[in-house]
Amino acid sequence: MYFYQKLEEDLYRLGVNDRRTARFENMFPMPDGVSYNSYLIKDEKNVLFDTVDASFIKSFCDNLNHVLEGVDLDYLVITHMEPDHSSAISYVMEKYPNCKIIGNAKTFSFIDNFFGDDFKDKYVEVKNGEKMSIGKRELEFIFAPMVHWPEVMFVLTSAGELFSADAFGTFGSIEGHYTSTLIDFDGKFLDEARRYYINIVGKQGRSVINVLNKLSSRDIKKIFPLHGPSHVDADKIKTFIEKYKIWASFEKEEDGVLLAYSSMYGNTEQAVDILACELSNLGVKNIHIYDVSEYDYSYIISDAHKYSNFVYTAINYNTDLYPRMDAFLRELAGTGFQNRKVSVITNMSWGGRGEKIAEEILASSKLEKIGETLQIKSSLDEENVEKIEELAKAIADSMK
């Protein structure tokens, strides 16, 4: 059975929803699933943009065959070779043997890696900035290396349609609305789009800025990503591009405090709760607390990039940094985390290097220390509470 969406008179979304895979790239939770998008333009030349994950090849091929209505497929454009978008290449080429594969040199090296050299005589290599007419439309190929694989390229049509590979995508399956016009764009969508970007593309900020600069002078009317809804509203496109600029520059989106803690017996957790209350009393509005032993890191990391201030607890465990905090900080640093104001709480009963290890992990990040480290020895006392009040004031003042 086929199921697809007609986006324009001659443009179709052939994508599928995946609500069964628990983790994206076997790492990041997807409680609302994810979509794998593929697009077809029916012009003088019929052009397919990418395919889908291996689990959905039959559904995808049913969609493609029905939309083509018995006519041939001229080109398959590969914007991104990650297997969740390229697994159906061999099936497409078997069904449509006259089809040519458009990509760049790195695209073809990855095809050879995944599928062998069976399609070499079908390759059409394009260069950065090269253009190709397919009839009413002209395609321009804009290379976007390391956003987030080295072979990635965008395709901009003369009609202002941007096929953006994984960029401007998000976690979450398509829930009826296949464009972002009628969804909760500023709420849930942006939260999941941020979590997707920061954890998967995040460290490649310079590469993202480079391709955004290439696009800055272009008239982009619609964006078609490989995950999530397409974007056809001018205001939403502008907002999303501005968000990408902020994320890629590692700048805060808004003032707020992210408190990430680890606590074995509740004493450090109590300190974090008191600090949060003191911050609230001082008028701080955005306060978010995460237990690194309970929450998946991708959610904590996303909020750490969102807000201006970051507080973490460097408690000791067998004289070293508590293992889950150690792992969390390493993942956070790996996303290029920087340009934030940071405060530290430590807890030790019999000594250790927890704080020093944490500082070493974050040494490459550009962080401004706010307040003195709050040092707890086992449990809180009155002096600690006074220090928490001082730390809260220092954090609140840093946000003015």
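**Core, cavity and E192 in a predicted model**

Visitor: Is E192 buried or exposed in this predicted model?
Guide: The relative accessible area of E192 is 12%. Buried means under 20%. Because 12% falls under that cut-off, E192 is buried.

Visitor: Which helix holds E192, and which residues is E192 in contact with beyond its neighbours within four places in sequence?
Guide: Start with the helix: E192 lies in α5, residues 185-201. Now leave aside the neighbours within four places in sequence. The contacts of E192 are then T170, F171 and Y299.

Visitor: Which element gives the most to the largest nonpolar core?
Guide: The largest nonpolar core has 93 residues. Those with the most contacts inside it are F154, F310, Y312, F328 and L329. With 9 residues, the element that gives the most to this core is α5.

Visitor: How many residues are in the second, separate core?
Guide: This core is separate from the largest one. Its members include V272, I376, L380 and I395. The count is 20 residues.

Visitor: How much space lies in the largest cavity?
Guide: A search of the whole structure, for cavities of 30 Å³ or more, finds 1. The space in the largest cavity is about 40 Å³.

Visitor: Which residue is the charged one in the lining of the largest cavity?
Guide: The lining consists of Y39, F49, D50, T79, F163, S164, A165, F224 and L226. By class, that is 6 nonpolar, 2 polar and 1 charged. Asp counts as charged, so the charged residue is D50.

How values were computed. Residues numbered from 1 in each chain as written. Predicted model: local features only at pLDDT ≥ 70, side-chain atom pairs only at ≥ 80, totals over all residues. Heavy atoms only, no water. Helix = DSSP H or I, 4+ residues; strand = E, 2+ residues; numbered from the N terminus. Buried < 20%, exposed > 50% of the residue type's maximum accessible area, 1.4 Å probe, protein only. Contact = heavy atoms within 4.5 Å. Core = buried A, V, L, I, M, F, W, Y, C linked by side-chain atoms within 4.5 Å. 1 Å grid on protein atoms, 1.4 Å probe; cavity = no way out; pocket = protein on both sides within 12 Å on 5 of 7 lines; lining within 4 Å. Points joined across faces, edges and corners; volume = space filled by probe spheres on them.
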